[in-house]
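Below is a short report on one chain. It covers charged pairs, aromatic rings, the surface and the overall fold.

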Amino acid sequence: MPLTFITKNKPLFVEGAVLLLKSEGTRWYRVIPVASVMYTIAYMDRVNIGFAGPGMAHDFHVNAAVVGSTFGAIFVGSTLLQIPGGYVADRWGSKLWVTFLLIAWAAFAVYSGLAQTVRGEWWARFFLGVAEGGLWPAVLVMIARWFPRDERASANALFQISLPVGSLIAALLSGWLVSLFSWRDRLILEGLPPLVWAVVWWLLIEDSPSTARWLPDDERIYLAARLEKERLELTPVEAGVAWRALIHPVVW
């Protein structure tokens, strides 16, 4: 039965909630895993540099302290898009923005295996961090557009499982590759998966339920209406003042 709504001020009918409970698995099994695997890959490229340290020190003829500076470069870069990344995802849509970031991230990850100097390595890791820094807020924007308020905490928690899982997989994979390839080859090989996942992301992810053809019509209508109702209940924000978030004490 098609869902109907009385007015914007009245709650959604119970039929919609029943429908959502019956078919919600399609969202949880499609949206969250794609995002989680993507960030698991990101974590791999974030920590693999530690396994390359001895080889870098030898090839660049520098000490461990100098090599260590390249380890932190990725985290310097990742701070730059934490707020702007969410803003761009909200304007462009997470699908387009994350696809672009995945391609950029892959390019700098591969270049980190090709850099010929410590300075080149530092900048490669810095821009890798910039690309990866925009992923987290972009996924949070996408989750907010897919999951109503009472589901959002669970969706965010499931997505964040990618952090410990990514650390585990990165350690196992990088440790195994140490015995097979040089540090340069390892960084290049581990920089290629983001390109594959850019295709997966583009094909499987939609910015919101309203554009997801794989959702049943009734569920798509219900979700779109419910999320729009929640959006309208938020305190209106004056247009053109997004920059104020950068100086807001709560943000800091």
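## A salt bridge to helix 13

Asp150 and Arg226 join their side chains in a salt bridge, with 2.8 Å from N to O. The model is predicted. This pair connects distant parts of the chain. Asp150 belongs to helix 9 (residues 149-160) and Arg226 to helix 13, and the two are 76 residues apart.

The two ends differ in cover. Asp150 has 57% relative accessibility and is exposed, because the cut-off for that class is over 50%. Arg226 has a relative accessible area of 16%, so it falls under the 20% limit and is buried.

## More charged pairs

How many salt bridges does a search of the whole structure find? The total is 8. One of them pairs Glu219 with Arg27, whose closest N and O atoms are 3.6 Å apart. Glu219 sits in helix 13 (residues 217-233), while Arg27 sits in helix 2 (residues 25-47). The salt bridge therefore ties together parts that are 192 residues apart in sequence. Both Glu219 and Arg27 are buried.

Asp217 and Arg220 make another salt bridge, and here the closest N and O atoms lie 2.4 Å apart. What separates these two along helix 13? They are 3 residues apart, which means about one helical turn. Arg220 is buried, at 18% relative accessibility. Elsewhere, salt bridges with shared partners connect Asp150, Arg152, Arg226 and Glu230 in one network.

## Aromatic rings

The count of aromatic pairs comes to 14. Take Trp122 and Trp123. Their ring centres are 5.1 Å apart and their planes meet at 80°. Why is this pair edge-to-face? An angle over 60 degrees between the planes puts a pair in that class, and 80° therefore qualifies. Trp122 is partly exposed at 25% relative accessibility. Trp123 is also partly exposed, with a relative accessible area of 42%.

Trp123 pairs with Phe126 as well. That pair is edge-to-face, with 5.4 Å from centre to centre and 85° between the planes. Trp123 and Phe126 are 3 residues apart in helix 7 (residues 118-133), so about one helical turn separates them. Phe126 is buried, and its relative accessible area is 12%. One aromatic cluster holds Phe108, Trp122, Trp123, Phe126 and Phe127.

Trp202 has a charged partner. The charged end of Lys95 sits over the Trp202 ring, 4.5 Å from the ring centre.

## A nonpolar surface patch

Which residues form a nonpolar patch on the surface? They are Ile103, Trp176, Leu180, Phe181, Leu189, Leu192 and Leu195. Together they have about 640 Å² of accessible area.

Phe181, one of the patch residues, lies in a loop. That loop runs between helix 10 (162-178) and helix 11 (183-190). Phe181 is partly exposed, at 34% relative accessibility.

## Ser78 and its contacts

Where is Ser78 placed? It is in helix 4 (residues 64-78). Is Ser78 buried or exposed? Ser78 is buried, with a relative accessible area of 15%.

Which residues is Ser78 in contact with, leaving aside neighbours within four places in sequence? They are Gly129, Val130 and Gly133.

## The chain overall

The chain has 13 helices and 0 strands. Along the sequence, its pattern reads α-α-α-α-α-α-α-α-α-α-α-α-α. Of the 252 residues in the chain, 43% are buried.

Contacts were also sorted by separation in sequence. Among those in the chain with a separation of 6 or more, 81% join residues 24 or more positions apart. The Glu219 and Arg27 salt bridge links parts 192 residues apart. The chain exposes about 13400 Å². Carbon and sulfur atoms supply 69% of that area.

How values were computed
Residues numbered from 1 in each chain as written. Predicted model: local features only at pLDDT ≥ 70, side-chain atom pairs only at ≥ 80, totals over all residues. Heavy atoms only, no water. Salt bridge = Lys/Arg side-chain N within 4 Å of Asp/Glu carboxyl O. Helix = DSSP H or I, 4+ residues; strand = E, 2+ residues; numbered from the N terminus. Buried < 20%, exposed > 50% of the residue type's maximum accessible area, 1.4 Å probe, protein only. Phe/Tyr/Trp six-rings, centres within 6.5 Å; stacked < 30°, edge-to-face > 60°. Lys NZ or Arg CZ within 6 Å of the ring centre and 35° of its normal. Patch = residues over 30% accessible without salt bridge, like charges linked within 9 Å, V, L, I, M, F, W, Y side chains within 5 Å. Areas by Shrake-Rupley, 256 points an atom, 1.4 Å probe, with all protein chains shown as cover. Contact = heavy atoms within 4.5 Å.
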